[in-house]
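Subject: The structure I promised you

Hi,

Here is the structure I said I'd pass on. Have a look at it first, then read my notes underneath.

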Amino acid sequence: MDITSQLSTFLAAGGGEEGHKVTVNFIGTMVYFGLVLAVVFGLLSVARKGFRPGVFQGRLANWSEQLYLFIENLCVSIIGSHGRKYVPFIITFWLIIFISNLVALFFPTSPTALLSFNLGMAIISIFYVQWEGIKQNGFIGHFSHFAGPKLGGALVLISVMLFFIELVSETMKMVSLSLRLYGNIHGGHEAVHGMNQITSAFPMGELLIPVKMLTVVVQALIFCLLTCVYISLVTHEPHDEHHGEAHAH
C-alpha cells in the first residue's frame, strides 16, 4: 500500500480496500468532504486578505476575481441578466466539484468519485430549479407546463401522458448529472489502475494525468453549465412574463 493509499484509508475513518478499490463508508465520505471544505475555505480566506477597495492584491485574490467573472458570465449568458442572483449557487457547485476533482488526482478516491455524493448534489440542483420555477410561475403554473399546451376533449389523455413523461425527464436529469460526474472521476481511477497493471517497470497510468487534469475542469464546467440551462428553462426576466412561458413550452 503506498503513502496516498495509507492516508486515504486513514481519511476514510473505517473504510478499507477491496482488491485495488478503496471503499469508504458514510463517515469516510464526510471526512473527505471535510477535507474539500477545508481547502475551499482556506483558499478563500487567503484570497479575502487581498481584497482592497478598487484593487485586488495577491495571486489568489486575482484568481478569485477571475473565477467570479467567469461564473457571472456563464450565468448571464445562459440564464439572462437576472442570472446574476444565481452566481453564489453556481459558484458553490464549481468550488466543491473542482476541489473534489483535484483531490481525486492525489488520492485513490474523492467525494466526486462516489455516486451517492454526486447524486446528492444532483438532487439539490434539480430541487432548487423546481423551487425557482414554483416561485416565479406559482405551483400550478409551474407544473402545468409539464403537460404541454392545453388540449381539449379526448386529447387531454395526451396532456396526461406528457405530464408523466416530463416527470420522468426531470428525474433523469438527476441521474445524468450524477452518473456523468461519477463515471468520469471514478473511471479515471479505474483507467489508471488498468494501465499500471500492464507493466510493473513503469507506472503507465501516470501518463493519463494530463487527461485527468482536463477532466477536473470540464466536469465542473458541465455540471454548472447544465444547472444554468435548467434554471433558464423555468425562470425569466421579471419584466417579460411571456419569455418564460415560451421556454417552458
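Below is what I found in it, going from the whole chain down to single residues.

One thing to keep in mind from the start: this is a predicted model.

**The whole chain**

The protein chain has nine helices and four strands. If you walk along the sequence, the elements come in the pattern α-β-β-α-β-β-α-α-α-α-α-α-α. There are 249 residues in the chain, and 37% of them count as buried. Looking at contacts between residues at least 6 apart in sequence, 64% join residues at least 24 apart. The accessible surface is about 13,800 Å², and carbon and sulfur atoms make up 70% of that.

**Helix α3 and its surroundings**

I spent a good while on α3, which runs over residues 59-79. This helix has 21 residues and reaches 30 Å from its first C-alpha to its last, close to the 30 Å expected. Which of its residues are buried? They are Ala61, Ser64, Ile71, Glu72, Leu74, Cys75 and Ile79. These cover an arc of only 155° around the axis, so they sit on the same side of α3. Turn to the other side of the helix and you'll find Arg59, Trp63, Asn73 and Ser77 exposed.

As for what the buried residues of α3 pack against, the partners are α2 (26-48), β3 (51-52), β4 (55-56), α4 and α8. Just after the helix, Gly80 takes a positive phi of about 125°.

Asn62 also belongs to α3. With a relative accessible area of 32%, Asn62 is partly exposed. Its C-alpha is 7.9 Å from that of Ala47, and the two residues are 15 apart in sequence. Ala47 is one of the buried residues of α2, along with Gly28, Thr29, Tyr32, Val36 and Val40. The span of α2 agrees with expectation too: its 23 residues should cover 33 Å, and the end C-alpha atoms are 32 Å apart.

**Salt bridges**

How many salt bridges are there? The count comes to three.

- Arg84 pairs with Glu72, with the closest N and O atoms 3.2 Å apart. Arg84 lies in the loop between α3 and α4 (87-106) while Glu72 is in α3 itself, so this pair ties together parts that are twelve residues apart in sequence. Arg84 counts as partly exposed, at 45% relative accessibility, whereas Glu72 is buried at 18%.
- Glu132 and Lys135 meet through their side chains at 3.2 Å, N to O. Both lie in helix α5 (residues 115-137), three residues apart, which is about one turn of the helix. Glu132 is buried, with a relative accessible area of 2%.
- Lys173 and Glu170 form a salt bridge with their closest N and O atoms 2.9 Å apart. These two are in helix α7 (residues 156-196), and because they are three residues apart, about one helical turn separates them. Both Lys173 and Glu170 are buried.

Why does a spacing of three places suit a pair within one helix? An α-helix has 3.6 residues a turn, so residues three or four places apart point the same way.

**A buried lysine without a partner**

Now for Lys212, which is found in helix α8 (residues 209-234). Lys212 is buried yet has no salt bridge. The nearest side chain of opposite charge belongs to Glu206, and that is 7.3 Å away; a salt bridge would need a nitrogen within 4 Å of a carboxyl oxygen.

So what does Lys212 touch, leaving aside residues up to four places away in sequence? The list is Ala104, Leu105, Gly188, His189 and Val192.

Leu105 on that list is part of helix α4. Leu105 and Lys212 are 107 residues apart along the chain, yet their C-alpha atoms are separated by 7.4 Å. Again leaving aside residues up to four places away in sequence, Leu105 touches Met213 and Val216 as well as Lys212.

If you open the model, I'd begin with α3 and its buried side, then move on to Lys212 in α8.

Cheers

Technical notes:
Residues are numbered from 1 along each chain as its sequence is written. This is a predicted model: local features need pLDDT of at least 70, side-chain atom pairs count only at pLDDT 80 or more; totals for chains, interfaces and linings use all residues. Side-chain values use heavy atoms; hydrogens and water are left out. Buried means under 20% relative accessible area, exposed over 50%, partly exposed in between (1.4 Å probe, protein chains only). Contact means heavy atoms within 4.5 Å. Accessible areas come from the Shrake-Rupley method with a 1.4 Å probe; for residues, only the protein chains shown count as cover. Lys and Arg count as positive and Asp and Glu as negative; His and the chain ends are not counted. The expected span of a helix is 1.5 Å times one less than its number of residues. The arc is that of the directions from the helix axis to the C-beta atoms.
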